Amino acid sequence: MDSIRIRGGKPLYGTIEISGAKNAALPLMVASLLTEGTVNLGNLPHVADISTLINLLCQHGVKAHLNGESNENGSSNGRTISLTAEEITSTEAPYEIVRKMRAGALVLGPLLARVGKAKVSLPGGCAIGTRPMNLHLEGLEAMGATIKIDAGYMIAEAPNGLKGAEIRFDSVSVGATEDLLMAACLAEGVTILDNAAREPEITDLVHLLQAMGADIDGEGTERLVITGKPRLHGANYSVMPDRIETGTYAIAAAIAGGRIELTNTRADLVSSVVEVLEHAGVSIETTDNGLIVSRDPASPIKGVDILTQPYPGYPTDMQAQIMALMTVSTGASMITETIFENRFMHVPELTRLGANINVHGRSAMVRGSDGLVGAPVMATDLRASVSLVLAGLAASGETVINRVYHLDRGYERLEEKLAACGADICRVQGS
Ligand code: UD1
């Protein structure tokens, strides 16, 4: 297994081009199941989760063609995929694929809407929590599906098609909103999704579905109104920039000090992160195609309290990274996780680097330490892994992050992007 080695303490200067958003690209790719036509997606990120989803879609019968691996700068922003689901040859999404990546379960609603049946593995628990599927299932049942759970699979049927329904989510779920939104596009009649998630990735999905001929009102709000159509058609679309990658590199500039320009992205996607960083004493400038993040390495980081919330609140996917930054602040920071019940696995690893963190239930009290010191650490999930990279950039001496396959699920060429800004970071090939 590969590891990443960092010798910390170097300020970062340069430009980082942000990739397309993994969390937008995954549902956009799944939307190809809704039509016989071809869906062409540009700005596709080159990360492992995308390959996992291509495998899943192909075994449902989708024909996939990837083009433009990377350009001469090493950037893969020209990368596109064409997906054509002319015929659905299998309605089963197997455990071997869905267990690796929960987003695989998003095929449930689209398959049911397109061909009236689906057998999709329950994704199971994961390191950050139990992550049930109840909101997806209750919504599809309200639309007329019958669903049973058997041997770890959700077996759903709607032989006469799905019918429009009024659905109010008990709690905000990105995945359930996406799943039901896609299903509703081919349902008969009007579907209303209330208390829907408002993440920008959902708006990206709405825009693709509209380009495919879907009738959707209320984009960007908590009430989506979808009037079903008998069929959708193919479309060309470009994946939005990755706001979590944007925020992560903004914190890299903040924790290491220096000045990094982030391009091919949008500051408005990371407003809540920018607000926290500015309170912490980091300077942010908005540009036409991104933002510039800078901090004089000699100026202190101030402690800021953070609460994770659904969009437009502070994202849970940026919680581990901001915690890494707070470990080197001059004050204290209370970080409260409200989305997932078990998302502090990075704490013991950050502690190995000298961080001072106490967890009480869903809150972590982080007190700034005199300085982090490099050590071998273990990646436990995608965002936890990157928080260790960020801490390693600030730590003196050498930090080795093991099990970096978690990082590869969601960060494209992370070590190359940071090294280009002067970080002493490299990948060590494992056996
Ligand atoms: C998506 C993101 C993930 C992010 C999360 C929250 C993708 C591919 N993944 O995950 O990176 O951390 O949003 O912003 O876009 N829940 C239920 N019942 C359900 C569904 C969810 O109780 O049927 C709970 C979950 O356990 C969790 C909360 O709702 O506590 C939010 O989960 P959800 O928004 O659905 O996350 P995902 O879509 O899985």
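Asparagine 195 is found in the loop between strand 11 (190-194) and helix 7. In this predicted model, its phi is near 60°, a positive value in a residue other than glycine. That's worth a second look, because most residues other than glycine have a negative phi, and most peptide bonds are trans. The peptide bond from tyrosine 311 to proline 312 goes the other way on that second point: it is cis, with omega near 10°. Proline 312 itself sits in a loop too, the one that runs between strand 18 (306-307) and helix 10 (319-326).

Next come the empty spaces. Rolling a probe the size of a water molecule over the atoms shows where empty space is left. Searching the whole structure this way turns up three cavities of 30 Å³ or more. The largest cavity has a volume of about 40 Å³. Helix 7 (residues 200-211) gives the most to its lining, with three residues. Among the residues lining this cavity are Ala197, Arg198 and Glu199, along with Ile202, Thr203 and Val206. Glu219, Gly220, Thr221 and Leu224 are also part of the lining. Sorted by class, the lining of the largest cavity comes out as four nonpolar, three polar and three charged residues.

As for pockets, the second largest one has a volume of about 260 Å³. It is lined by 17 residues, and the closest to its centre are Ile255, Arg295, Pro297, Val328 and Ala394. Two helices take part here: helix 8 (243-256) and helix 12 (382-394) each supply at least two residues of the lining. By class, the lining of the second largest pocket splits into 10 nonpolar, five polar and two charged residues.

Then there's the ligand. It has 18 residues around it, of which Asn134, Ser173, Val174, Asp317 and Ile339 come nearest. Asparagine 134 also makes a polar contact, with an N or O atom of its side chain 2.6 Å from a nitrogen atom of the ligand. Asparagine 23 uses its side chain as well, placing an N or O atom 3.1 Å from an oxygen atom of the ligand. With glycine 175, the backbone does the job: one of its N or O atoms lies 2.8 Å from a ligand oxygen atom.

Finally, what about the aromatic rings? A pair of aromatic rings is described by the distance of the centres and the angle of the planes. Here, though, a search of the whole structure finds zero aromatic pairs. Some rings do have a charged partner. The ring of tyrosine 95 has the charged end of arginine 99 sitting over it, 5.9 Å from the ring centre. Over the ring of tyrosine 153 sits the charged end of lysine 119, at 4.9 Å from the centre.

Notes
Residues are numbered from 1 along each chain as its sequence is written. This is a predicted model: local features need pLDDT of at least 70, side-chain atom pairs count only at pLDDT 80 or more; totals for chains, interfaces and linings use all residues. Side-chain values use heavy atoms; hydrogens and water are left out. On a 1 Å grid over the protein atoms alone, a cavity is a set of points where a 1.4 Å probe fits but cannot get out, and a pocket is an open set with protein on both sides within 12 Å along at least five of seven lines; lining residues have an atom within 4 Å of a point. Grid points are joined across faces, edges and corners, and a volume is the space filled by probe spheres set on the points. Helices (H or I, at least four residues) and strands (E, at least two) are DSSP runs, numbered from the N terminus. Ala, Val, Leu, Ile, Met, Phe, Trp, Tyr, Cys and Pro count as nonpolar, Asp, Glu, Lys and Arg as charged, and the others, Gly among them, as polar. Rings of Phe, Tyr and Trp (its six-membered ring) pair if their centres lie within 6.5 Å; planes under 30 degrees apart count as stacked, over 60 as edge-to-face and the rest as tilted. A charge sits over a ring if NZ of Lys or CZ of Arg is within 6 Å of the ring centre and within 35 degrees of the ring normal. A residue is near a molecule or strand if one of its heavy atoms lies within 4 Å of it. A polar contact is a pair of N or O atoms within 3.5 Å; within protein, one must be able to donate a hydrogen and the other to accept it, and residues adjacent in sequence count only if both atoms are side-chain atoms.
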